[in-house]
Amino acid sequence: MNSDTSGPDLPSEVLQETQARFIQRDPERQHHLRRLNVGGPLAAESAQRVEARLTRLGVPLPEAQAVAQGEASVKSATAGLPEDVRLAAERVLGANDLVNVGYLDLARSCSRAVCRVVIRDSRGRTQGFGTGWMCSPQVMVTNNHVLENVTAARQAVIEFDYELRQDGTLMERTTFALDPDALFLTSEPLDYTFVAVRGDASAFGWLPLYGSADKNVLGESLSIIQHPSGEPKQVALRENRLVDRLPDFLHYETDTAPGSSGSPVFNDAWEVVALHHSGVPRRNDQGQVLKRDGQPLRAGESGDQIDWVANEGVRVSRLIEDLSTRTDAQGKALVHDILTPVQPPLIGSPLLPAPAVAAAPAPGSTEAATARLLDLGTLKVGPDGSVSVPVTLRLKVDTPAPTPTPEKPPVTVTPEPTPGAKRPYLPPEDAQAAAQYYAEIGTVSDPKARFLALSQLLTRTHKNQPRYNPSSEVYPWVDVWPDGKLRSIYSAREHAPEEFIAADLAAQERRARLATQEGIDADLLEDALPYNCEHVVPQSWFAKREPMRGDLHHLFSCEPDCNSFRGNTPYFDFPDYGEALRTDCGKREPGEFEPNSGKGPVARATMYFLLRYPGVIRTYSERHLQTLLGWHRADPPGEWEKHRNAAIFARQGNRNPFIDYPEWAEQVALSEGLGR
């Protein structure tokens, strides 16, 4: 028995349904192919999708719009952008096939989470194989036709690192049993099975599921990492081309090999876009499946000889939508982990010596959630609130440095006093300080003149300009709530400041080491490592320049899943937000994002940015300003924001006027701050 697309035992009903969909969609697919062959993705795809795809890759919205509308070529529009963004945009739109080394680093990191599924009978005898992959630290996903019920899952095992070394010898594999009693969710129509893994497999990383609709365009090259016919792990690198998009499925053509059942299908940025499950074989007029030599496949012959013309995968957005409606989920906490994805750290090559892994804490504990990402070593909180974290932190999934480095003394980060300690959370004299700060503004009534006066005031008083460093500038005091906790700006999830401080220091240390010792691009690492702070005005909109990058008025605590979910998408107010499917972070469609929490604060932070840096935001229009003003009115500033404003005033020297005087938002010509 073999559960791969390439094998003869793919369920006939799955194969027939795939073939029927492929035939039914032939007119649309041929239309797409004609346009792709003439003008590439820009000719085949809608302008809205092209724009959304480019912005997800990091292209600023004005440049993305120019390309999507045919006003500029992708090469000219991205000429001044960082190399990784420029090459990614050119690859996706078919203008360049070059990749940088960081592309291969991401591919290797993603491959670690892919495993071989070994299907066994009740006596432990191997019956077949499939492919699966970790979609969260504790859950593996594959096809329903690979593991169709609890019994099959209980008898099966999964194997990591079943692959060949450079010398052709097999690596030592790591085997895990499955735990369907903790979680087992399956769907025959969508051909998926989610099942919990027994033990801690998080050292192999995971491939998070993102439901946003801007992860692909027609014509984009797709890659598949797989165990074809149960063989050692292989990759079909950019060998499939997306040719059709159905409500539940993606169709992608290949002139080489099919995918393996249960494999992850990646876009050109190594985000999973589909769960591969079936293929379309070439047939003759009699309906017989043909081999690559043109002859009919005979009974008993290997499916490896089939002439496959297309592949089909289940869309990730459809998996998430269906999973979020499952009322029969017994492992609700595990399902929640899947639906609120966290980007794992980059995983090193298994061909290097294995890293030391600390003993795993109890599953589901708070300690386990942190330890899945890193081992913090010794974290000490002193009586004065200072946090001491060793410089060299042992990341559980890290690869060792090529050469030993001398031991360094620990770095100490001293947060500002917590509420009620050395100074009050909100100084009583702050109101008087605010009145004095704006003394010269009171006589200015014209909206445009008031905009100019405030802009000059904020710029002139911005005397201290700290560089971007959230572990010392944001988390210890500025963003702390009255209860001493941090709250993720888009999800409102609570975190201890020490957690974010320690994780950010760990990420900084690892970025520095990998950048200097392994030559990995620092910008790529910033996106890949956890706990990146949220810039309300995305960094790509101002090319990560200071003082904008470190301006505390638009920096907020944010978990990496919400940060990645928003990306660099403009804010938007969805009319159906209350009824629409969304995550804890909010709702996102191509080119539009509405947060689940923090609308008032992010609106005021954006309006501050328009005053302080006029002309920089070229993404917003009058429509966006009305959205910001609506959020500002509906969610007025409270004690936390007033504390932030006072703390930033003490640090930077300038203030956010819309926190001090909310009514001024209607009296300032904010459109003066928009780029033209």
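Trainee: Where is the place of Arg238?

Mentor: Arg238 sits in strand β9, residues 234-245. Keep in mind that this is a predicted model.

Trainee: What makes the phi of Arg238 worth a look?

Mentor: Its sign. Most residues other than glycine have a negative phi. Arg238 is not a glycine, yet its phi is positive, at about 55°.

Trainee: Why is Arg238 called buried?

Mentor: Buried means under 20% relative accessible area. Arg238 has 18%, so it counts as buried.

Trainee: And Trp270, what is its phi, and where does it lie?

Mentor: Trp270 has a positive phi too, of about 60°, and is not a glycine either. Look for Trp270 in the loop between β11 (264-266) and β12 (272-281). With the cut-off at under 20%, the 6% relative accessibility of Trp270 makes it buried.

Trainee: How do you know that the peptide bond between Glu546 and Pro547 is cis?

Mentor: Check omega, which is about 5° for the bond joining Glu546 and Pro547. Most peptide bonds are trans. Pro547 belongs to the loop between β19 (534-535) and β20.

Trainee: On to the helices. What makes one face of α13 the buried one?

Mentor: Start with the residues: in α13 (residues 430-437), Asp430, Ala434 and Tyr437 are buried. Viewed down the helix axis, these buried residues fall within an arc of 60°, so they line one face. The general rule is that an α-helix has 3.6 residues a turn, so residues three or four places apart point the same way. On the other side of α13, the exposed residues are Ala431, Gln432 and Gln436.

Trainee: What do the buried residues of α13 pack against?

Mentor: Their partners are α14 (447-460), α21 (639-652) and α22 (657-660).

Trainee: Which residues touch the most other members of the largest nonpolar core?

Mentor: Tyr438, Tyr490, Tyr571, Phe609 and Leu670 do, in a core of 63 residues. Elements giving two or more residues to this core include α13, α14, α16 (497-517) and α20 (622-634). The largest share, eight residues, is from α19.

Trainee: What is Leu670 in contact with?

Mentor: Setting aside neighbours within four places in sequence, Leu670 contacts Phe451, Met607, Leu610, Leu625, Leu629, Phe658 and Ala665. Apart from this core lies another, of 54 residues, with Ala152, Ala156, Leu275 and Val314 among them.

Trainee: Now the sheet of seven strands. Why are β5 and β6 called edge strands?

Mentor: The order in this open sheet is β5-β4-β1-β2-β3-β7-β6, with antiparallel pairing. β5 (174-177) and β6 (184-187) each pair on one side only, and that makes them the edge strands. From one strand to the next, the twist averages 30°.

Trainee: How do you know that β3 and β7 pair?

Mentor: Two strands pair if there are at least two bridges between them. β3 (residues 139-142) and β7 (residues 192-196) have four bridges, in the antiparallel sense, so they count as a pair. In this pairing Val139 stands opposite Ala196 of β7.

Trainee: Which helices lie across β6 and β7?

Mentor: Helix α10 (residues 316-323) does, running at about 65° to β7. Helix α11 (residues 332-339) lies across β6 and β7 as well as β2 (126-136) and β3, and it runs at about 70° to β2.

Terms used
Residues are numbered from 1 along each chain as its sequence is written. This is a predicted model: local features need pLDDT of at least 70, side-chain atom pairs count only at pLDDT 80 or more; totals for chains, interfaces and linings use all residues. Side-chain values use heavy atoms; hydrogens and water are left out. Buried means under 20% relative accessible area, exposed over 50%, partly exposed in between (1.4 Å probe, protein chains only). The arc is that of the directions from the helix axis to the C-beta atoms. Contact means heavy atoms within 4.5 Å. Axes are lines fitted to C-alpha atoms, for helices over the stretch in contact, and angles run from 0 to 180 degrees between N-to-C directions. A nonpolar core is a set of buried Ala, Val, Leu, Ile, Met, Phe, Trp, Tyr and Cys residues joined through side-chain atoms within 4.5 Å.
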